[in-house]
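Trainee: I'm new to this structure and don't know where to look. Could you pick one part, go over it closely with me, and then show me some of what else is there?

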Amino acid sequence: MAAFDLIVLGAGPAGAAAATVAARAGLAVALVDKAAFPRDKLCGGGLTGRALGQYRQIFERAAPPVATEWRAEITFRAFGTDLGTLGDVPPLAMIMRRAFDASMVDDARAAGATLFTGTGPTGLDADTGRVDLPGIRLKAPLLVAADGVNSPVARALFGAAFDRNRIGFALEVEQPDTDRPLRIDFGAADWGYGWQFPKTTGTTIGVGGVLARNTDIKSRLAAYLADLGIDDPAPVKGQFLPFGDFRRLPGKGRVLLAGDAAGLVDPITGEGIGYALESGALAARAAAAALAAGRPDGALRHYAKALAPVHRAIRQAGWLRNLMFRPAFRPAFIRSFRRSRNLKFAYLDVMAGTMEYDRLLRRMTARLPAFAWQAMGGKWPI
Ligand SMILES: Cc1cc2nc3c(=O)[nH]c(=O)nc-3n(C[C@H](O)[C@H](O)[C@H](O)COP(=O)(O)OP(=O)(O)OC[C@H]3O[C@@H](n4cnc5c(N)ncnc54)[C@H](O)[C@@H]3O)c2cc1C
């Protein structure tokens with residue numbers, strides 16, 4: 001048996017961040033992933049300023065050491081209407097997850113985490129902190145479950161990893177051309193969006209939305225590709241996307257859930273890397289503090305408190321999504337977003353992490369007809 005202070009299950013952005021921060025804080029950390037790295041992960045690979053800010057803090061490096069396409073020009077469309085192109089925006093970085101995730105796993109190892117990759121657990125007891133891998137048993141007083149949207153740990157703890165009625169789903173293709181513009185299309189899927197993210201080696205194109213509202217998401221992708229002038233798409237791949245349906249208490253007992261496993265994805269943009277990094281780091285700090293105090297049982301409480309601003313932002317984005325996607329509000333949304341350069345920049349400021357969603361909400365509703373306000377009961381649910 002090998003004893004650790006913390007076992008982190010899943011070595012995506014959330015798990016790698018948790019393991020790196022915990023190891024740097026002096027904890028003995030096991031980082032476990034069923035996959036061997038480098039491995040693929042279905043993802044647009046778009047890093048907003050907010051995500052990059054988290055990355056810099058955690059990995060103490062200005063930018064990921066992987067091939068990165070930087071773009072400071074972005075085109076917005078909504079429900080088929082052109083909302084305009086903005087230049088000189090806070091630069092967005094686009095990476096391939098295969099390289100990006102592997103580099104963060106290297107960082108976790110360099111920080112002192114012990115890696116167990118290439119085989120998943122054959123047994124797990126959350127109450128005693130026991131994780132069985134082929135040929136070895138790991139034990140720790142605390143566990144961070146960063147095992148993705150289908151989280152086997154969340155399933156074991158709560159009976160299901162997510163609520164099928166609220167989960168999102170996204171489809172993606174990789175195109176070989178690299179000279180396409182960076183583009184976001186609100187409404188390319190119902191209660192969702194489409195994206196065209198150029199990379200150094202190609203372009204990732206996809207659509208994602210609330211699954212229950214997109215029973216035929218394949219045809220939404222086909223329509224989006226046709227709109228972009230692509231009639232011979234590469235193989236289509238799909239995956240669930242938590243899309244705003246976060247777990248109110250991010251864990252149970254001595255298990256802390258981070259990233260997709262905790263449902264931490266922006267309900268408008270589908271962006272989850274920034275929250276995965278942030279929650280992984282917060283879970284690690286909560287674990288370190290609780291262990292230092294000799295009270296591992298207190299880790300979840302510390303973590304839930306630290307995560308409250310993330311939950312708040314996701315809730316507020318959910319309200320904004322209500323404004324954007326209700327058919328009654330849609331014309332007003334399109335009009336105000338198309339006409340207002342300030343509003344577009346405000347949205348980008350939110351993505352850059354320099355503005356909170358509540359300020360954007362206030363700006364948007366200042367431009368919406370009074371019925372939008374009345375429909376919300378005349379008060380902010382914040
Ligand atoms: C199509 C699509 C496009 C997206 N585009 C973007 C984007 O452009 N920008 C953005 O910010 N976000 C995007 N997202 C969301 C983003 O991919 C996720 O939010 C992010 O990957 C979450 O990170 P994570 O570490 O929580 O989970 P993951 O990255 O999913 O990592 C989970 C890890 O857990 C491992 N694992 C699973 N089961 C086990 C087990 N039993 N034991 C051990 N390990 C296990 C997996 O192998 C994996 O390595 C997109 C998602 C989808 C589906």
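Mentor: Let's start with strand β17 and then move on to other strands and some helices.

Before we begin, note that this is a predicted model, in which local features need pLDDT of at least 70 and side-chain atom pairs count only at pLDDT 80 or more, while totals for chains, interfaces and linings use all residues. Residues are numbered from 1 along each chain as its sequence is written, and side-chain values use heavy atoms, with hydrogens and water left out.

Now find β17, which spans residues 203-210. Helices here are DSSP runs of H or I with at least four residues, strands are runs of E with at least two, and both are numbered from the N terminus. β17 is mostly covered, with 8 of its 8 residues buried (under 20% relative accessible area, with a 1.4 Å probe and protein chains only). One of its partners is strand β14 (residues 168-175), and 8 bridges join the two in an antiparallel pairing (two strands pair if DSSP finds at least two bridges between them). To see where they line up, find Leu 171, which stands opposite Val 207 of β17.

Strand β16 (residues 192-198) also runs antiparallel to β17, and 7 bridges join them. Here Gly 192 stands opposite Gly 209 of β17. Follow the chain from β16 to β17 and you'll go round a hairpin of 4 residues.

While you're in β16, stop at Gln 196. It counts as buried because its relative accessibility is 2%. Leave aside the neighbours within four places in sequence, and Gln 196 is in contact (heavy atoms within 4.5 Å) with a set of residues that includes Thr 203, Thr 204 and Ile 205. Arg 180, Pro 181, Leu 182 and Arg 183 are also among the contacts of Gln 196, as are Tyr 224 and Leu 228. As for Asp 185, its C-alpha atom is 8.6 Å from that of Gln 196, and the two are 11 residues apart along the chain.

Next, go back along the chain to strand β11 (residues 130-133), which is covered on both faces. Arg 130 and Asp 132 lie on one side, Val 131 and Leu 133 on the other, and all are buried. That fits a simple rule: in a regular strand the side chains alternate between the two faces of the sheet. β11 runs antiparallel to strand β10 (residues 123-125) over 3 bridges, with Leu 124 partnered to Val 131. The hairpin between β10 and β11 has 4 residues, and Gly 129 takes a positive phi near 70° there. β11 also runs antiparallel to strand β12 (residues 136-139), this time over 4 bridges. In that pairing, Arg 130 has Lys 139 as its bridge partner. The β11 and β12 hairpin has 2 residues between the strands, and Gly 135 in the turn has a positive phi of about 85°.

There's also an open sheet of 3 strands to find, in the order β4-β8-β5 with antiparallel pairing. β4 (46-47) and β5 (69-71) are at the edges with a single partner strand each, so one side of each has no neighbour in the sheet. β4 meets β8 (residues 92-94) over 2 bridges, and Leu 47 has Ala 93 as its bridge partner.

Helix α2 (residues 49-59) has several buried residues, among them Leu 52, Tyr 55, Ile 58 and Phe 59. Just after α2, Glu 60 takes a positive phi of about 55°.

To finish, try a pair of helices. α6 (residues 273-292) and α7 (residues 299-325) pack at an angle of about 160°, with their axes 7 Å apart (axes are lines fitted to C-alpha atoms over the stretch in contact, and angles run from 0 to 180 degrees between N-to-C directions). That makes α6 roughly antiparallel to α7 (an angle over 145 degrees). The contact takes in Leu 282, Ala 283, Ala 286 and Ala 287, among others, from α6, while the α7 residues include Tyr 303, Ala 306, Leu 307 and Val 310.

One more stop is Phe 345 in helix α9 (residues 341-352). Its C-alpha atom is 7.6 Å from that of Val 89, although the two residues are 256 apart along the chain. Apart from neighbours within four places in sequence, Phe 345 is in contact with Leu 86, Gly 87, Asp 88 and Val 89.

Methods:
Buried < 20%, exposed > 50% of the residue type's maximum accessible area, 1.4 Å probe, protein only. Parallel < 35°, antiparallel > 145°, perpendicular 65-115°, else oblique.
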